[in-house]
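Work through the exercises below with the sequence and the model side by side, attempting each task before reading its solution.

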Amino acid sequence: MSGPRAEGPVALSEPARAAVDAAFRDHWARAVGALWRRFGDPDLAEEAVQEAFTRAAARWPAEGVPAAPAAWLIATAGNVAVDRLRRDRTPAVKLAELEVREAEAAPDMADERLPDDRLELIFACCHPALGREAQVALTLRLAGGLSTPEIARAFLVSEPVMAQRLVRAKRRLRVAGIGLRESPEPVLPERVDQVAAVLYLIFNEGYTASSGDAPVRHDLCAEAIRLARLLASLLPREPEPAGLVALMLFHHARAAARHGDDGLPVLLDDQDRGLWDRSLIEEGEAVLRGAAAAGWLGVYCLQAAIAREHARAASATDTDWPAIVALYDDLTAVAPSPVVDLNRAVAVSMSDGPAAGLALVDRLAAGSALAGYHLLPAARADMLRRLGRREEALADYRRALELAPGAADRAFLSRRCAELSGH
């Protein structure tokens, strides 16, 4: 994510560009939240803030970066919004409203002690009245500052489709009367969970790249991590946002080793651990320790603790699989699901042997909860392969291949089929 480019002949020096980009990263969401609260219109807020950053790109190189960039941006955007209301609205109808807006005290451009509306902004973008696609799009646009073309590219849809998605989402907010309230919204656990789920969905879309040619979209992963760090900083007493940050860091630390030169996935046990990013792992360890101090027995903290066990192991044979099985037991108690049960079965197969894991997988396969989920036959095939039951393993690999949604997964499973069939 980077700041706006100034229009016209203004050419920014590298220091000036760095200053504008840093302000964009640090203050975009705060400015949009302030304008949305003041004017009650998310469209007007984002347009005014975008114009404020454009003016910053034009003026800061010559005038210098203000001592309080956030206050400067919010005040400038407020002036832009008032000008647009005066120009665009019917005077006879909107005069009273405009007088009220202008009567509100504009922020002092030297004062950084401004209300911080970023948490309210994120909560509004992830409101349960919106569908998940709309929540993701609004969060990336209004909280993350990504442009409509950037969001469209990230999710591999056309720019007009994404633009319409954003328009519909903001219309839904207005119709439902959802906005940034005068009194901050209570930090309810279910709302935090909803926001965390949206951010993790964004991360997973980058991490697994369910569509398109690239196996990993690093920019989308990085944006999800940035927003998760923001959420954790705004809720320092809540352990789950910190757990989410740690989980993303542990996963993203393995990005360079997750695919071979041929683009095919590399299983965790086969990855070159020298390629893992130790700085991200160390940061994840520190974040998770902080979450543990706050009482961390939640979904994201437990998943992060599982990922930490993998990150700690110097080699695949050093992995503490009994500890991972115990963590999956805790996760099942907190958030039971068939996918968690499948992952636990895989951990049991590594801790107690493939036969023990296979018994659990067969029990899952007897139900319908994971019908159509390609990782069920893939996990079963791997356990059968380790037991030497090649023909049965080949049949399950072929079944997984039929169900796999991604090109990289299909290529990997095709290679497994070829290995077992002797081709």
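Axes are lines fitted to C-alpha atoms, for helices over the stretch in contact, and angles run from 0 to 180 degrees between N-to-C directions. Helices (H or I, at least four residues) and strands (E, at least two) are DSSP runs, numbered from the N terminus. This is a predicted model, in which local features need pLDDT of at least 70 and side-chain atom pairs count only at pLDDT 80 or more, while totals for chains, interfaces and linings use all residues. Residues are numbered from 1 along each chain as its sequence is written, and side-chain values use heavy atoms, with hydrogens and water left out.

**Exercise 1. Describe the overall make-up of the protein.**

Begin with the secondary structure, which comes to 19 helices and 0 strands. Next consider burial, where buried means under 20% relative accessible area, exposed over 50%, and partly exposed in between (1.4 Å probe, protein chains only); of the 423 residues in the protein, 49% are buried. Finally turn to contacts, meaning heavy atoms within 4.5 Å: among those with a separation of 6 or more, 64% join residues 24 or more positions apart. As a local case of burial, take helix α5 (residues 118-125), which is mostly covered, with 8 of its 8 residues buried; they are R118, L119, E120, L121, I122, F123, A124 and C125.

**Exercise 2. Determine how α11 and α13 pack, and which residues make the contact.**

Helix α11 (residues 239-252) and helix α13 (residues 299-312) have axes 8 Å apart and pack at an angle of about 30 degrees. Angles under 35 degrees count as roughly parallel, over 145 as roughly antiparallel, 65 to 115 as roughly perpendicular and the rest as oblique, and α11 and α13 are therefore roughly parallel to each other. Their crossing is left-handed, a term used if the near helix is turned anticlockwise from the far one by less than a right angle (right-handed if clockwise).

On the α11 side the contact is made by P239, E240, G243, L244, A246, L247, F250 and H251, and on the α13 side by V299, Y300, C301, Q303, A304, A307, R308 and A311. By class, these are 11 nonpolar, 3 polar and 2 charged residues, where Ala, Val, Leu, Ile, Met, Phe, Trp, Tyr, Cys and Pro count as nonpolar, Asp, Glu, Lys and Arg as charged, and the others, Gly among them, as polar. An α-helix has 3.6 residues a turn, so residues three or four places apart point the same way.

**Exercise 3. Compare the surroundings of L249 and H251 in α11.**

L249 lies in helix α11 and, at 0% relative accessibility, counts as buried. Leaving out residues up to four places away in sequence, L249 touches I225, R229, L280, E283 and G284. L249 and E285, 36 residues apart in sequence, are 9.2 Å apart in space, C-alpha to C-alpha.

H251 is also found in helix α11, and H251 is buried, with a relative accessible area of 16%. With its neighbours within four places in sequence set aside, H251 is in contact with Y200, F203, Y207 and A307.

**Exercise 4. Establish how α13 is oriented against α14.**

The axes of α13 and helix α14 (residues 321-334) are 10 Å apart, and the packing angle is about 170 degrees. The two helices α13 and α14 are therefore roughly antiparallel to each other. From α13, V299, L302, Q303, A305, I306, E309 and H310 meet W321, A323, I324, L327, Y328, D330, L331 and V334 in α14. This contact divides into 11 nonpolar, 2 polar and 2 charged residues.

**Exercise 5. Characterise α17, its cover and its approach from α16.**

Helix α17 (residues 375-386) has 12 residues and reaches 16 Å from its first C-alpha to its last, close to the 16 Å expected at 1.5 Å a residue, the expected span being 1.5 Å times one less than the number of residues. Its buried residues are L376, P377, A378, A379, A381, D382, M383 and L384, and their cover includes α15 (338-352), α16 (354-365), α18 (390-403) and α19 (407-421).

The axes of α16 and α17 come within 9 Å and cross at roughly 150 degrees, and α16 and α17 are therefore roughly antiparallel to each other. In the loop between these helices lies G372, which is partly exposed, with a relative accessible area of 44%. Just after α17, G388 takes a positive phi of about 85 degrees.
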